[in-house]
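Here are a few short exercises to work through with the model open beside you. Try each task before you read its solution.

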Amino acid sequence: MRDVEVIVVGAGLAGLRALYSFREAGFEALVLEASDEIGGVWNHNRYPGARCDVESYDYSYSFSPELEQEWRWTERYPTQPEILRYINHVADRFELRSRIELRARVEAAVYDEASATWAVHVQGGRRFRCRTLVLCLGQLSAPKLPSYPGQSDFAGETIVSANWPKGRSHDFTGKRVGILGTGSSGMQMTPVIAQTAAHVTVFQRTANYSVPAANAPLTDEEDRQVKAHYGERRQLMRNSPTGLGFLPGKTKTLDAPAEEREAVFEKAYHRLGFGFALTYPDILLDEKANDIATAFLKRKIAERIAVPELRDKLTPSTHRFATRRPSVDSGYFEAFSRPNVELADIKAEPITGFTADGISTTAKHHRLDVLIYATGFDALTGSILKLDIRGRKGQPLRDKWREGPLTHLGVGTAGFPNMFIVAGPGSPSVLSNVMVSIEEQVDWFVQLLKHQRDAGLDEVEVTEDAERDWTAHVQERARETLYMTADSFYNGGELPGKPRVFMPYSGGVRHYRRLLQGSAKDGYPGFALRKLGPAAKARAHA
Ligand code: N01
């Protein structure tokens, strides 16, 4: 059993930021990472075309002005390899690697009430003991796969996009490739794979909204401009609802004259990516407002589809714009003009079975050499509940969250003292530029741990009253929006049997930050702060 003050689980963007900040505050922190490389989802999602749909300058750490000035992003939207290079640069630049244990898959964490410490069990038998456990497991990092009858009969190459085999070439020359799933991952990889593959079949269950990325190389002049005003840019991001730096317009959609609205939409569509959803403040709040934005986007999507018979099939019809996560794509709809790209509409013509050489639907048999699952994730709770986490009296977190996640401020849950979650359920997480959310929360945790250290407290634990109220508040805020009108990974709708509750906090990063800061200022209401007796202290140090 090795003793460490703070154990951080996961060496992705959140884990590295946590390690850096805890270390700077004088805590002895150690990161345990299951993989043989750092980077989290950016290490695993090596699929062709993988890139972030948040702009490079904003999808980066703000804690070091020197780092901001030194690093030179090359494109407006960064590719997966570039983000992974950035993450590795940060690890080297701030000498983080000596405090990261790779190939250390945490299987379980058990709270010991007598000593107020966590025992952390790593695959292979190693054990650690820590006072504080920080989960940086990623919000979209537990891949989910479908289970069609006979699926394992397929004898070709099978690839999971979220776990792209390291070193697997992106060249599919001569191959017939099937892509199952049309979320951001499927939409990003389709045009790229189509460039080399002999044939691509895209299996679509639900057509998805997308705004074109308007990606481009970043010029030296742009770089100088951003770096000259980086501080202001960060301030704008932190004070915008989503952390993307876009402020919603003040005029309501229906109050704007139709011509003006069209011009505003047109401009946003060609430049803002996700910002399109914020052109008017009520697009996600009011059905009539949403109808107008949705109609505009449907029209735009149809214009991008050259094959008339495909327009209806590829244009979303089952949900409103932005009630599920839209994509920001580079040439997805245009790819269907290529003679080697085919759409299999598996809602209209469902899959009937898998064979050694492909997938059959009610319409035809699709012969495939390679099948790529781009079928998404068990979002927000999947990565946490994969671990066997046991709190007071041995209560499994899986039992406690059976009806959905319960947290106070998204940072912790009652019965699991000294355990904190970064970018998890109950926080803005997937509804925000997650870099802003990560940094906000990590800084707050550091402040809390310093308070704990200075006051000689052994336990910090969310109270049941606070988590009941916060969880109700998260639902209440979601009910003010249109988010619950569709099944999505925001509300458990992505997985059969998952509790259908809204998981992220939709109140925006700015409001969320005020709540966190208010909590610290007021002495952490909603948290029980305890000193245990000398016996517990002795046990912790035994
Ligand atoms: O996953 P998704 P994703 N049979 O859940 C389909 C982030 N991300 O990996 O809609 C057939 O969006 C499913 O169909 P349906 C980003 O937040 C970011 O694409 O459920 N199909 C859907 O089409 C993104 O939103 C970047 O009917 C099945 C697809 O698989 C999130 O990750 C890049 C199926 C899953 O779409 C997830 O994106 C990539 C089944 N049984 C991803 N089950 C960035 O740019 C599921 N599907 C940062």
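The exercises below concern a predicted model, and they go from its domains to its ligand and its salt bridges.

**Exercise 1. Set out the two domains and find how far apart their C-alpha centres lie.**

Step 1: Start with the domain assignment, which gives domain 1 as 2-142 + 379-541. Domain 2 is likewise built from two segments, 176-220 + 234-373.

Step 2: Take the C-alpha centre of each domain; the two centres lie 30 Å apart.

**Exercise 2. Describe the interface between domain 1 and domain 2 by its contacts and its buried area.**

Step 1: Look for contacts, with heavy atoms within 4.5 Å as the cut-off. This puts 37 residues of domain 1 in contact with 40 residues of domain 2.

Step 2: Turn to area. The two domains bury about 3300 Å² between them, and 51% of this is on carbon and sulfur atoms. On the side of domain 1, the most area is lost by Asp53, Arg76 and Leu482, which together account for 23% of what that side buries.

Step 3: Add the polar side of the picture. Three salt bridges are found across the interface, along with 24 residue pairs in polar contact, both partners at pLDDT 80 or more. Helix 16 (residues 509-521) supplies the largest share of the side of domain 1 that touches domain 2, namely three residues. By residue class, that side divides into 16 nonpolar, 10 polar and 11 charged.

**Exercise 3. Which residues are closest to the ligand, and how many surround it?**

Step 1: Count the surroundings: there are 26 residues around the ligand, and the closest are Arg51, Tyr148, Thr182, Ser185 and Thr206.

Step 2: Check polar atoms. Tyr148 places a polar side-chain atom 2.5 Å from a ligand nitrogen. In Arg325, a side-chain N or O atom is 3.1 Å from an oxygen atom of the ligand. Ala374 takes part through its backbone, with an N or O atom 3.3 Å from a ligand oxygen.

**Exercise 4. Find the salt-bridge partners of Arg325 and Glu55.**

Step 1: Apply the cut-off of 4 Å between a side-chain nitrogen and a carboxyl oxygen. Arg325 then pairs with Asp53 at 3.1 Å, N to O.

Step 2: Do likewise for Glu55, whose side chain meets that of Arg76 at 2.9 Å. This pair links distant parts of the chain, 21 residues apart: Glu55 sits in the loop between helix 2 (41-44) and helix 3 (65-70), and Arg76 in the loop between helix 3 and helix 4 (80-93).

How values were computed: Residues are numbered from 1 along each chain as its sequence is written. This is a predicted model: local features need pLDDT of at least 70, side-chain atom pairs count only at pLDDT 80 or more; totals for chains, interfaces and linings use all residues. Side-chain values use heavy atoms; hydrogens and water are left out. Domain bounds come from an automatic or database domain assignment. Buried area is the accessible area (1.4 Å probe) that two parts lose on being put together, summed over both. A polar contact is a pair of N or O atoms within 3.5 Å; within protein, one must be able to donate a hydrogen and the other to accept it, and residues adjacent in sequence count only if both atoms are side-chain atoms. Helices (H or I, at least four residues) and strands (E, at least two) are DSSP runs, numbered from the N terminus. Ala, Val, Leu, Ile, Met, Phe, Trp, Tyr, Cys and Pro count as nonpolar, Asp, Glu, Lys and Arg as charged, and the others, Gly among them, as polar. A residue is near a molecule or strand if one of its heavy atoms lies within 4 Å of it.
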